[in-house]
Amino acid sequence: MSNTAENRTVDWLFGSSTTAPTLPLKMALVTAAGSDAAAGTEVTGGSYVRKNISVAAAVNGAVANSADLIFTGMPACTVVGWEIWDSAGTPVRWSYGPFDASKTVAAGDEFKVAAGAWTFSAS
């Protein structure tokens, strides 16, 4: 999780805040990985836009995307990872991570994250 998400989660857990993400949550694709403190380099160009992500209730502390996420009209790039952002007026980055393998796409290609292929767990 990002530093912001970690702080908000701990504040919530210990009752000092009820801050929750502004829905819907959106998946962004990155060409360079971020860190707890800094966002990665998000894909730009083509018809790329962040996609709404939906998940079912957590099981054993984990969730997975419940529908395909299809990014169409991609620019030429190599996608290395993902980030989850909320929809606040100034969006907050909640989580980030790598895909199992990087994928190079050509201009106009589609990038697909199949239902159930992305997971997030808390431990």
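**Exercise 1. Which residues is Glu83 in contact with, leaving aside its neighbours within four places in sequence?**

*Solution.* The basis comes before the steps. This is a predicted model, in which local features need pLDDT of at least 70, side-chain atom pairs count only at pLDDT 80 or more, and totals for chains, interfaces and linings use all residues. Residues are numbered from 1 along each chain as its sequence is written, and side-chain values use heavy atoms, with hydrogens and water left out.

Step 1. Contact denotes heavy atoms within 4.5 Å. On that criterion, the partners of Glu83 are Lys26, Met27, Ala28, Val30, Gly34, Ala39, Gly40, Arg93, Ser95 and Tyr96.

Step 2. Glu83 belongs to strand 6, residues 77-85. Strands (E, at least two residues) and helices (H or I, at least four) are DSSP runs numbered from the N terminus.

Step 3. Glu83 counts as buried because its relative accessibility is 2%; buried means under 20% relative accessible area, exposed over 50%, and partly exposed in between (1.4 Å probe, protein chains only).

Step 4. A polar atom of the Glu83 side chain lies 2.6 Å from the backbone nitrogen of Gly40.

**Exercise 2. State how strand 6 is covered and paired.**

*Solution.* Step 1. Seven of the nine residues of strand 6 are buried, so that this strand is mostly covered.

Step 2. Two strands pair if DSSP finds at least two bridges between them. Strand 1 and strand 6 pair in the antiparallel sense over five bridges, and Met27 stands opposite Ile84 in strand 6.

Step 3. Strand 7 (residues 93-105) runs antiparallel to strand 6, and eight bridges join the two. Here Gly81 stands opposite Pro98 in strand 7.

**Exercise 3. Identify the backbone features at Pro24 and Asn60.**

*Solution.* Step 1. As a reference, most residues other than glycine have a negative phi, and most peptide bonds are trans.

Step 2. The peptide bond from Leu23 to Pro24 is cis, with omega near 0 degrees. Pro24 is placed in the loop between helix 1 (3-13) and strand 1 (26-32).

Step 3. Asn60 is not a glycine, yet has a positive phi of about 55 degrees. This residue is found in the loop between strand 3 (51-52) and strand 4 (62-64). Because its relative accessible area is 80%, Asn60 is exposed.

**Exercise 4. Is Ile70 buried or partly exposed?**

*Solution.* Step 1. Ile70 lies in strand 5, residues 69-71. Its relative accessibility is 31%, so Ile70 counts as partly exposed.

Step 2. Leaving aside neighbours within four places in sequence, Ile70 is in contact with Lys51, Glu110, Phe111 and Lys112.

Methods
Polar contact = N/O pair within 3.5 Å; in protein donor to acceptor, adjacent residues only side chain to side chain.
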